[in-house]
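Open the model in your viewer and keep the selection panel at hand. The stops below go from whole chains down to single residues.

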4 protein chains.
Amino acid sequence: MNFTFTAKVDDLARRVDSFMNTNVYPAEREYHDYIEKSKTRWVIPPVMEDLKKKAKADGLWNLFLAEFEDYGAGLSNLEYAPLAEIMGRSMIGPEVFNCSAPDTGNMEVLARYGTQAQRDEWLVPLLNGEIRSSFAMTEPAVASSDATNIQCMIDKQGNEYVINGRKWWTSGAPDPRCKIMIVMGKTDVNAPRHQQQSQILVPVATKGVTIVRPLKVFGSDDAPHGHAEVLFENVRVPASNLIGSQGEGFAIAQGRLGPGRIHHCMRLIGCAQRALEMMCARAESRVAFGKKLSEQGSVREDIARSICDIEQARLLTLKAAARMDEVSYKEARDLIAMIKVVAPTMAQTVIDRAIQVHGAMGLSQDTFLAEAFAYARTVRLADGPDQVHMSSLGKQIVGRYAA
Amino acid sequence: MNFTFTAKVDDLARRVDSFMNTNVYPAEREYHDYIEKSKTRWVIPPVMEDLKKKAKADGLWNLFLAEFEDYGAGLSNLEYAPLAEIMGRSMIGPEVFNCSAPDTGNMEVLARYGTQAQRDEWLVPLLNGEIRSSFAMTEPAVASSDATNIQCMIDKQGNEYVINGRKWWTSGAPDPRCKIMIVMGKTDVNAPRHQQQSQILVPVATKGVTIVRPLKVFGSDDAPHGHAEVLFENVRVPASNLIGSQGEGFAIAQGRLGPGRIHHCMRLIGCAQRALEMMCARAESRVAFGKKLSEQGSVREDIARSICDIEQARLLTLKAAARMDEVSYKEARDLIAMIKVVAPTMAQTVIDRAIQVHGAMGLSQDTFLAEAFAYARTVRLADGPDQVHMSSLGKQIVGRYAA
Amino acid sequence: MNFTFTAKVDDLARRVDSFMNTNVYPAEREYHDYIEKSKTRWVIPPVMEDLKKKAKADGLWNLFLAEFEDYGAGLSNLEYAPLAEIMGRSMIGPEVFNCSAPDTGNMEVLARYGTQAQRDEWLVPLLNGEIRSSFAMTEPAVASSDATNIQCMIDKQGNEYVINGRKWWTSGAPDPRCKIMIVMGKTDVNAPRHQQQSQILVPVATKGVTIVRPLKVFGSDDAPHGHAEVLFENVRVPASNLIGSQGEGFAIAQGRLGPGRIHHCMRLIGCAQRALEMMCARAESRVAFGKKLSEQGSVREDIARSICDIEQARLLTLKAAARMDEVSYKEARDLIAMIKVVAPTMAQTVIDRAIQVHGAMGLSQDTFLAEAFAYARTVRLADGPDQVHMSSLGKQIVGRYAA
Amino acid sequence: MNFTFTAKVDDLARRVDSFMNTNVYPAEREYHDYIEKSKTRWVIPPVMEDLKKKAKADGLWNLFLAEFEDYGAGLSNLEYAPLAEIMGRSMIGPEVFNCSAPDTGNMEVLARYGTQAQRDEWLVPLLNGEIRSSFAMTEPAVASSDATNIQCMIDKQGNEYVINGRKWWTSGAPDPRCKIMIVMGKTDVNAPRHQQQSQILVPVATKGVTIVRPLKVFGSDDAPHGHAEVLFENVRVPASNLIGSQGEGFAIAQGRLGPGRIHHCMRLIGCAQRALEMMCARAESRVAFGKKLSEQGSVREDIARSICDIEQARLLTLKAAARMDEVSYKEARDLIAMIKVVAPTMAQTVIDRAIQVHGAMGLSQDTFLAEAFAYARTVRLADGPDQVHMSSLGKQIVGRYAA
């Protein structure tokens, strides 16, 4: 395992970092204020499109994507890790570089499984940052951590598929730029357990698609990205919208989740790192009971514990990324489970400590801490709660050492 | 110490519980929907005023207040504890019974220190639930956990006091019914450290008072109650608005914080208890990987740990309440510090587990968990961060055992 | 629930405390030194018999036993709790007052189920502190936390029972004063699951009984009490040695475990309390980097957390004791499980912190901390590991709230 | 940073692992039994000397030592890490390869600072494994975590130094093969704070040196290695026994502590890894309540958490080792502090979980868990308690981010 990066990656990291310092952090306030002052919150602050243009012009674009036709930076998972961490330091960072979920996963799926027509219609504008997309998997009625529970029906009728179902936590669906959804559902309830599901492209504007409402996380609607409840009532799309072959939905989902999980972890390490730096700065600048907070033993211990937690999670994430590059995602699933269990909880804990040092301001809209906390908390559930990953990981480890 | 309650208290507890079941829980959805659908979020859902009328008619009103003239139920802290816990099970519960912060603290201050005129003008309508109030202490510029840091100036000029300063986290100030603030600031910077502060009544409508903006907690504005940033620019009030005597502000604040802290803890135990009950119901009703969640070992352990945590915090809170009844608040300060350290973290932890069992729904507006989590997290900072209380408690305990 | 104690109990507590201060703590060094310097470690330091005589003379004897003929103090579980806590503050404390495990459990079993002959022969000398006893239940070959796994055979042959099996963790068996064992095993493998077991009296001197070896806990043999591996090879005892009726063994075991568990918890609270007091004294007396340890923020936090942890566990234990007095042990099993889960881990944690403040001395034979730590750690496994109690408790709580 | 190892290191790792499997693990029982059955416990089981001969013959000897004259394997810290981890999997492992503390540290000090005469007399036999040594630094009377507190006097009198003082936790001093001590004390109380100390060679057989008693850890004497209290009364040694120059003691101590700390951490990772493997095997082989322990959700979670904890600590330790190779120990002190804080607590936690899965056997002499637990617990205090390292680390990190 080699964690030394090539000059190319070091250079990209330096440029992304510099771009963040010069352009992204200073724009955070403007971005949020724009939404705050708009009549509807589902608007895109112009500063975002400006930042995207700049990043694209600087060649800091689609870095997540291993070489694909004319797109992508050709980076391995390991090489992408330090870049994703730096982007993750701002809640508006990843989108600036066209590296934000769920578009990254959707683009990867289209690149790998899409027909030429599907790519021309949806992948190219996504790669160009002209539209956005969402992924409709989770359902309110069932424990969706077990994907075989999913009940949305995708029925073949002649040359069309007809979709009926209710989804929620369809992230990005409320974004006005979101034009296309990938929907997961059952095409054959009688097939073997893992071949009942398919994935299909559904344009948001299709008749029968209703964005029921935005869901909130701790009261925040995460506008203008958002997380929607979406109703599909007799939604008809051409059969050619199916991704891959019928019954392949579960396998496609598995393939997307590995990279998806590690991307979240990389970003969360960035969140935690920034929280730590803010905690240090705050502790150094505030005085209580005649002493700087940074001179209080318990604050120092919180800082010490945080750097230990972050550094360990970072190294584990790098190891998982390296392993994903070396073997199949399936073979790397122990390490993917490990970081999925470790990184979000680590970030939640570190950010919680940073909030504590900031006092009530740490909970408010005045710092990035509250948003980052909500993000970390959410990822402990996204793509399966910690418990599911721990159970699966524990079973693998028993198999390894007690065979 | 006697934790057996009198028949009177048992009867009140039964009636409050029944009122919650019949009236409050069923109204939660309507309450939130009303705000969600209003143009401005700073409106009072009519259902709240209806509930208040009913509770008043049922004699479940001002239960927090030890007998005061014609008001109050004459309960001790210990007797009030089980009632506050039950009310705390809903985020809209305490207000229904006119037992919500910061009004309770303000009413106690006015009852104890107010002149007859001050009481007639402000205490009576507060006791009647006709107006609401707020308490402006925390400031953005200084570590307010150390109250001597506070910088707002309250200058005597002839027959008036002139107030200049910037406050935030002034809870309840954005509520349209909030008519009066108690403001804490310095009347004499040359007095001994703990005699520089005074508290003064400032009607919200006074010239020079600006509600700058509502602060959010994890993105939630907590409307229509809210937490405001408030600017005081040359605000002039009659000298008769001073509460108690000049320089007594710190002492008055100390007196209010003991009960204030324990009330929060009681409510948070109610929050945690309800979260546990919801966790059980959810675990029993969801199936993943072929088994009910309630049959999974790790879920059972989370439930077991939660009941242990709750029960212990409840008993500690009862002990603190009993002690506050027996001796002065000052002498009970070790136990008050203990529950302030224990109960909010306990509640945050238990609610976090309940969220995990609920999946992403647990983070959304569809259950009370997200609100309750934010409340618990906030109280870990309100009236001083955990660290301040632990430091003070540790010092007391060393003094006790190593004298 | 009433945690106020009668004058009788307050008086006993005062006397036990005074006895500990005057006689027990000062004898700890002598007790340990005597064993250290003996050729064999399985000797009884004379100071122990002296202390027992004194305690008996002072009427501080058999306090655990609810009135039984001429014996016992007639205390309820709740009333015994503060006394057991005080005795538990020294590892040699409980024996001084004839209140140590496993004798207390054995005496209760004999008092409740023994025949007159069994009582005359074994109970009376136990009550007088003339002999000691042990309880042979756990077996090396099976997970004994599930008592139905137990494999020791107790076969009726004519007028005798013949016992074959291997036990371990038979506490007290290596003590030279230990004359009698209660052995649990199967009398009928074809009976219903919970009626296969019986309990039988086996004098240690019986042919076929071999004390194989003492087991150690973290390298300590806990001499002269000890924990033995015991082999039973064709051990024959008269049929009249059976306790209760055949097949009643499981039920008798259940009946003894409730009080046994709570007694351990009471003692562990005493251990933790003493550790806290020692931690305070040490922190006040040591200086590092120019400051007393007691002035370091992180030490203060450890002290603060410890008092919170102890106080909560103490209150929970009192509640469990009160509940055991009010209803059957079976109905109080939720609370018994709670304290079994809470108190040992609490004690381990608090003592671990106290060790840390003492530096390496805290690990050595020079303080009571190392012994107390080992005791707490052991109780997390004795009578079933935490996991078993949490699982059972979780199931009960789901049943309560999700019925 | 490059965690890929050269073929040489991979080969060494394979050979050390194979040697452990073939020779060391199978000898553990014999080693312990020999001591158990000896009259005095301070004897060396012959199997140890046999193992040492074999390891030496196999070229697995002094691997810790970077090339020194004809000795040492020339490995960097990073290269040594995986080897030390494997050796650390047995409590008797490191000594077999002549890689055990405190000899390693003493040999490094002599190699770096010793005169030719000192090396000939003491270093050569140590490198050959013919004698053992100890390091007398910690004192009972002062908080030795602050090395400037140390009070032992080393007075120059003519051509001699005269040593007076009381040390304890002088590890290895009770070993009958221990012939030489390095003693730290004050040569000049008037010098600047960090130049008051010197280190000096004191043969154990010198007049005035008394091994007062062995100290125990949780009741275990750790024979035949042991930890002694040592009294120095007018102990006279030639002035040529001084190591380095007068006043250099503090600096020499600093230089030894970095590698010493990381060696302990490497070994502890081995302990934790073995505990995890044992936990898996045990969980797979025991049945309770009708299910294998390995199928219980909470056991799986404990296993999952443990592999996450171990893997993270391992990576952090490798990073610290790599950093120590790249820059000075002083510059790597943040990472050394991190692993000192992380690894021992991690190991204690993982081993505690493994004990829990083993039931009471896990506490006994029948597995390596109890010994390993005591070792991990001890290292949380050795070379300074966690709190000291966290405080120092926290301060460094504040300096880095809030400058």
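**Stop 1: chains B and C**

Select chain B and chain C, and keep in mind that this is a predicted model. Chain C superposes on chain B after a rotation of 180° with 0.0 Å of shift along the axis, at an RMSD of 0.0 Å. The two copies are thus related as by a two-fold rotation axis.

Now show the contact between these two chains. On the chain C side 35 residues take part, and they touch 35 residues of chain B. Colour helix 7 (249–285), helix 8 (297–326), helix 9 (333–358) and helix 11 (386–401) of chain C: these are the elements that give two or more residues to the side touching chain B. Which helix gives the largest share of that side? Helix 8 of chain C does, with 13 residues. Coloured by class, the side of chain C that touches chain B has 21 nonpolar, seven polar and seven charged residues. Of the interface residues of chain C, 100% are also interface residues in chain B, so the copies meet through the same surface.

**Stop 2: chains A and D**

Hide the previous pair and select chain A with chain D. A turn of 180° and a shift of 0.0 Å along the axis lay chain A on chain D with an RMSD of 0.0 Å. The same surface serves both copies, since 100% of the contact residues of chain A recur in chain D.

Here 35 residues of chain A are in contact with 35 residues of chain D. Two or more residues each come from helix 7 (249–285), helix 8 (297–326), helix 9 (333–358) and helix 11 (386–401) of chain A. Helix 8 of chain A gives the most to the side that touches chain D, namely 13 residues. That side of chain A divides into 21 nonpolar, seven polar and seven charged residues.

**Stop 3: the domains of chain A**

Stay on chain A alone and give each domain its own colour: domain 1 (7–114), domain 2 (132–243) and domain 3 (250–401). Between domain 2 and domain 3 of chain A, the C-alpha centres lie 29 Å apart. Their contact takes eleven residues from domain 2 of chain A and eight residues from domain 3 of chain A. How many charged residues are on the domain 2 side of that contact? The side of domain 2 of chain A that touches domain 3 has no charged residues, with six nonpolar and five polar ones.

Next, compare the view with the annotation. UniProt, in an unreviewed entry, lists residues 11–130 of chain A as "domain: Acyl-CoA dehydrogenase/oxidase N-terminal". This span is 65% helix and 0% strand, and its end C-alpha atoms lie 27 Å apart. The unreviewed UniProt entry also places "domain: Acyl-CoA dehydrogenase/oxidase C-terminal" at residues 247–397 of chain A. Over residues 247–397 the chain is 77% helix and 3% strand, and the end C-alpha atoms are 30 Å apart.

**Stop 4: a hairpin in chain B**

Go back to chain B and select residues 153–171. Strand 2 (residues 153–157) and strand 3 (residues 160–171) of chain B pair in the antiparallel sense over five bridges. B:Gln157 has B:Glu160, in strand 3 of chain B, as its bridge partner. Two residues stand between the strands of this hairpin, and B:Gly158 takes a positive phi near 60°.

**Stop 5: helix 10 of chain B**

Select residues 369–379 of chain B, which form helix 10. Is helix 10 mostly covered or open? It is mostly covered: eleven of its eleven residues are buried. Among them are B:Glu371 and B:Arg377, along with B:Phe373 and B:Tyr375. To see what they pack against, add helix 7 (249–285) and helix 9 (333–358) of chain B.

**Stop 6: B:Thr345**

Finish on B:Thr345, whose place is in helix 9 of chain B. Why does B:Thr345 count as partly exposed? There are 19 other C-beta atoms within 10 Å of B:Thr345, whereas a buried residue has 20 or more. Setting aside neighbours within four places in sequence, B:Thr345 is in contact with B:Arg380 and B:Asp386. Draw a distance to B:Leu268 as well: the C-alpha atoms of B:Thr345 and B:Leu268 are separated by 9.6 Å, with the two residues 77 apart along the chain.

Conventions: Residues numbered from 1 in each chain as written. Chains lettered and ligands numbered in written order. Predicted model: local features only at pLDDT ≥ 70, side-chain atom pairs only at ≥ 80, totals over all residues. Least-squares fit on C-alpha atoms with pLDDT ≥ 70 in both. Contact = placed C-beta atoms within 7 Å. Domains from an automatic or database assignment. Nonpolar A, V, L, I, M, F, W, Y, C, P; charged D, E, K, R; others polar. UniProt positions renumbered as here; feature names shortened; annotations may be inferred. Helix = DSSP H or I, 4+ residues; strand = E, 2+ residues; numbered from the N terminus. Buried ≥ 20, exposed ≤ 12 C-beta atoms within 10 Å, placed from the backbone. Pairing = 2+ DSSP bridges.
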